[in-house]
Amino acid sequence: MTTISNETARNFLVNYQNLNGYGELVGRDGAARYMQKVRCVQFDPLNVVGRNPDLVMQSRIKDYKPEVLFDLLYKERALYDAADKMISIVPTEDYPAMARIRQKTVEQLKDILTWRKSLGALELLDEIKEFIRVNGAQPATKINIGENVDSGKWGHKKLSSAALDYLYHCGELGISTKLKTHKVYDLSENLFPLEILKAKEPFKTERDFAKWYIKRRIGAVGMLWNKNGGAWLGFYVSDSKLRTEIIRGLVDEGELLEFQVEGSKESFFIRKENSSLLGKPAENNVAQFIAPLDNLIWDRGMIEELFGFKYTWEVYTPVAKRKYGYYVLPVLYKNQFVARFEPEPCKGKAPLQIKNWWWEPGIAVTDEMNDAIKDAFERFGKYLGVEVSKDALKTVKIKRKK
């Protein structure tokens, strides 16, 4: 088995994820090209300095603005919201291939509705579809069909909302647009091309689907090991026995390349078609601010192994137990995580403020790194459409190497 250096592995991931400078990825076309490669970006509704998908895009796409992704989703319909790695954004052309994920999701939803004593939602499906057919796209707040229920802390309070969620995950409804984080539902037939909706699933067997889906998940990150972790969340991919069997088969067939990394006992896998990036340096003087649920750091354990960077998203950690802060962004410089910072929530056009900044242990800050981080703040401000306050840069307390 081939062994590569730790630096080669880090360079591969940085270059694959287009974090070593923007290259040719610019604006709308750049965002579309990135999605064609990774096929999945995780969605999260929290908005401190942009939502997770926008933070992912701003670090990879030159001149990126949040409306780029919004338009690709809700105007062009080149992308759509779907269950994948949790709730994600996915190319619309993958819709037929994702039929088994929709099926597994609604099976799980039936179990959840049973547990929440909300199975009555399934009796409302036809009535809700007819309501939308007559009245047009609607948010959940405008649909009050059926009764309210006590479904527990996390459940829908309205049966109609639970029914909407079911119809969305089975594919009969899609998202017409979003009002901040609130979905506006419409019939899928009004949103997607009929050839997409009527296309048959392209896989003859469940194993054929699993091979496609597991290889696709590796492509979402670029390089993965075969250990349970955040990158392997979801149906099929979380089944370690099935995953191991499929990965071994894909290696034998030449679809995946397997290698070891110096300093690690684990095997790592990349898609054969991405092998040309192995050995390419990450030498540009570039710093990037990384999203909490960024594809690069889906597998926290693998990132700690390869980069020596331990990251926990503490947004759901009680305040007294947080080591850093509520919404903390890692700072990547070239092929190394050098710092992390907690931005103040961005409100309107007020200048961006930094609540806290932490350098990683042992980091020697050079003039080049200093310049790259300042440049990253300039780009981040342009993405947000605000100035970066001078006080914010003072908070960073950049120290030049003597």
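Biologist: Before we look around, which residues count as nonpolar, which as charged and which as polar?

Modeller: Happy to start there, and keep in mind that this is a predicted model. Ala, Val, Leu, Ile, Met, Phe, Trp, Tyr, Cys and Pro count as nonpolar, while Asp, Glu, Lys and Arg count as charged. The others, Gly among them, are polar.

Biologist: Thanks! By class, what residues does the lining of the largest cavity have?

Modeller: Let's size up the space before sorting its walls. The count comes to 1 cavity of 30 Å³ or more, and the largest cavity has a volume of about 190 Å³. Of the 21 residues lining the largest cavity, those closest to its centre are Tyr80, Asp81, Ala82, Tyr95 and Tyr168. Sorted by class, the lining has 3 charged, 5 polar and 13 nonpolar residues.

Biologist: Which element gives the most to the lining of the largest cavity?

Modeller: The elements that give two or more residues to this lining are helix H4 (66-74), strand E3 (79-84), helix H5 (99-115), helix H7 (159-170) and strand E6. With 5 residues, the one that gives the most is E3.

Biologist: Now for the second largest pocket: which element gives the most to its lining?

Modeller: The second largest pocket has a volume of about 520 Å³. Among its 20 lining residues, Asn47, Gly50, Arg51, Asp54 and Pro66 are the closest to the centre. Helix H3 (52-58), H4 and helix H12 (367-384) each supply at least two residues of the lining. The top contributor, with 5 residues, is H4.

Biologist: And how many charged residues does the lining of the second largest pocket have?

Modeller: We can sort this lining by class too. It has 13 nonpolar and 2 polar residues. The charged residues number 5.

Biologist: Let's turn to the strands. Which residue is the bridge partner of glutamine 138 in E7?

Modeller: Strand E5 (residues 138-139) runs antiparallel to strand E7 (residues 182-187), and 2 bridges join them. Across in E7, the partner of glutamine 138 is tyrosine 185.

Biologist: Which residue in E7 does threonine 177 stand opposite?

Modeller: Here the strand to follow is E6 (residues 173-179), which is joined to E7 by 6 bridges in an antiparallel arrangement. Opposite threonine 177 in E7 stands valine 184.

Biologist: Last one: in the hairpin of E6 and E7, which residue takes a positive phi?

Modeller: The hairpin has 2 residues between its strands. The residue with a positive phi, near 60°, is lysine 180.

Note on methods
Residues are numbered from 1 along each chain as its sequence is written. This is a predicted model: local features need pLDDT of at least 70, side-chain atom pairs count only at pLDDT 80 or more; totals for chains, interfaces and linings use all residues. Side-chain values use heavy atoms; hydrogens and water are left out. Two strands pair if DSSP finds at least two bridges between them. Helices (H or I, at least four residues) and strands (E, at least two) are DSSP runs, numbered from the N terminus. On a 1 Å grid over the protein atoms alone, a cavity is a set of points where a 1.4 Å probe fits but cannot get out, and a pocket is an open set with protein on both sides within 12 Å along at least five of seven lines; lining residues have an atom within 4 Å of a point. Grid points are joined across faces, edges and corners, and a volume is the space filled by probe spheres set on the points.
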